[in-house]
Amino acid sequence: MRVPVGPRVDDVANAVRANAANELDLILDDLEAWVNCDSPSSDAAALGEVVELISERLQRYGATIDVQRVEGGPALRAVAHGQGRRRIALLCHHDTVFPRGTAGARPFARSGDAAIGPGVADMKGGIAVAAH
């Protein structure tokens, strides 16, 4: 049985879809920059480099940035204020399982509708979507 969807839900879904389409180039630009920056879990310096890239972009989008130096590498907290009353927390990680040099050997690429590269699906793609 199909549950009917009201016009309000359809309107919201269409607005989200349109916004994503409008920002697709920005999302992919962010994703490319972050994927092409190695960030192995065990390399605090590399983690610092990708945190710097992510921080710069999120600040441009209006977020307040706080980087904490913790054991193993930096932790990034970004706060964005919207117009609504709800509060939402999105938790992401910026490290990958790939060793240094992987991004150079297998840089970000697009093949049709697919994005390819180390960290695209876990988790840099999630950060890019969350940022927009």
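In the predicted model, Pro107 occupies the loop that connects helix H4 (102-105) to strand S3 (109-111). With a relative accessible area of 38%, Pro107 is partly exposed. Not counting residues up to four places away in sequence, Pro107 touches Asn36, Ile116 and Gly117. Pro107 and Leu47 are separated by 60 residues in sequence, and their C-alpha atoms lie 17 Å apart in space.

The chain that holds this loop contains five helices and four strands, arranged from the N terminus in the order α-α-α-β-β-α-β-β-α. The C-alpha trace extends over about 50 × 35 × 30 Å along its principal axes. Of the 132 residues in the chain, 27% are buried. Among the contacts with a separation of 6 or more, 58% are between residues 24 or more positions apart.

Helix H2 (residues 24-35) comprises 12 residues, for which a span of 16 Å is expected at 1.5 Å a residue; the distance of 16 Å between its end C-alpha atoms agrees with this value. The buried residues in H2 are Ile27, Leu28, Asp30, Leu31, Trp34 and Val35. These residues lie on the same side of H2, because the arc they cover around the axis is only 160 degrees. Such a pattern can be read against the geometry of the α-helix, in which there are 3.6 residues a turn, so that residues three or four places apart point the same way.

Helix H3 (residues 44-60) likewise has a span that agrees with expectation: its 17 residues should cover 24 Å at 1.5 Å a residue, and its end C-alpha atoms are 24 Å apart. Ala46, Leu47, Val50, Val51, Ile54, Ser55, Arg57 and Leu58 are the buried residues of H3. The elements covering them include H2, S1, strand S2 (73-79) and H5.

The packing of H2 against H3 was examined next. The axes of H2 and H3 are 9 Å apart and form an angle of about 160 degrees; the two helices are therefore roughly antiparallel to each other. Their crossing is right-handed. On the H2 side, the contact is made by Asp29, Asp30, Ala33 and Trp34, and on the H3 side by Val50, Leu53, Ile54 and Arg57. Of the residues in this contact, Asp30 and Trp34 are among those buried in H2, while Val50, Ile54 and Arg57 are among those buried in H3.

H2 also packs against helix H5 (residues 120-131), at an angle of about 140 degrees and with the axes 9 Å apart. H2 and H5 are therefore oblique to each other. H2 passes H5 in a right-handed crossing. The residues that make the contact are Ile27, Leu31, Trp34 and Val35 of H2, together with Val120, Lys124, Gly125, Ile127, Ala128 and Ala131 of H5. Trp34 thus appears both in this contact and in the contact of H2 with H3.

For H5 itself, a straight helix of 12 residues would span 16 Å at 1.5 Å a residue, whereas the end C-alpha atoms of H5 are only 14 Å apart. The buried residues of H5 are Val120, Lys124, Gly125, Ile127 and Ala128. Seen down the helix axis, these residues fall within an arc of 150 degrees, so they line one face of H5. Ala121 and Val129 are exposed residues on the face of H5 turned away from its buried side. The cover over the buried residues of H5 includes H2, H3 and strand S4 (114-116). A cis peptide bond, with omega of about 25 degrees, joins Asp122 and Met123, and Met123 is found in H5.

Among the strands, S1 (residues 64-70) includes Val67. Val67 has a relative accessibility of 30% and therefore counts as partly exposed. When residues up to four places away in sequence are not counted, Val67 touches Val51, Ser55, Pro74, Ala75 and Leu76. Within this set, Val51 and Ser55 are among the buried residues of H3, and S1 is one of the elements that cover the buried residues of H3. Val67 and Trp34 of H2 are 33 residues apart in sequence, with a C-alpha to C-alpha distance of 17 Å in space.

Note on methods: Residues numbered from 1 in each chain as written. Predicted model: local features only at pLDDT ≥ 70, side-chain atom pairs only at ≥ 80, totals over all residues. Heavy atoms only, no water. Buried < 20%, exposed > 50% of the residue type's maximum accessible area, 1.4 Å probe, protein only. Contact = heavy atoms within 4.5 Å. Expected span 1.5 Å × (residues − 1). Arc of directions from axis to C-beta. Axes fitted to C-alpha atoms, helices over the stretch in contact; angles between N-to-C directions. Parallel < 35°, antiparallel > 145°, perpendicular 65-115°, else oblique. Left-handed = near helix turned anticlockwise from the far one by under 90°.
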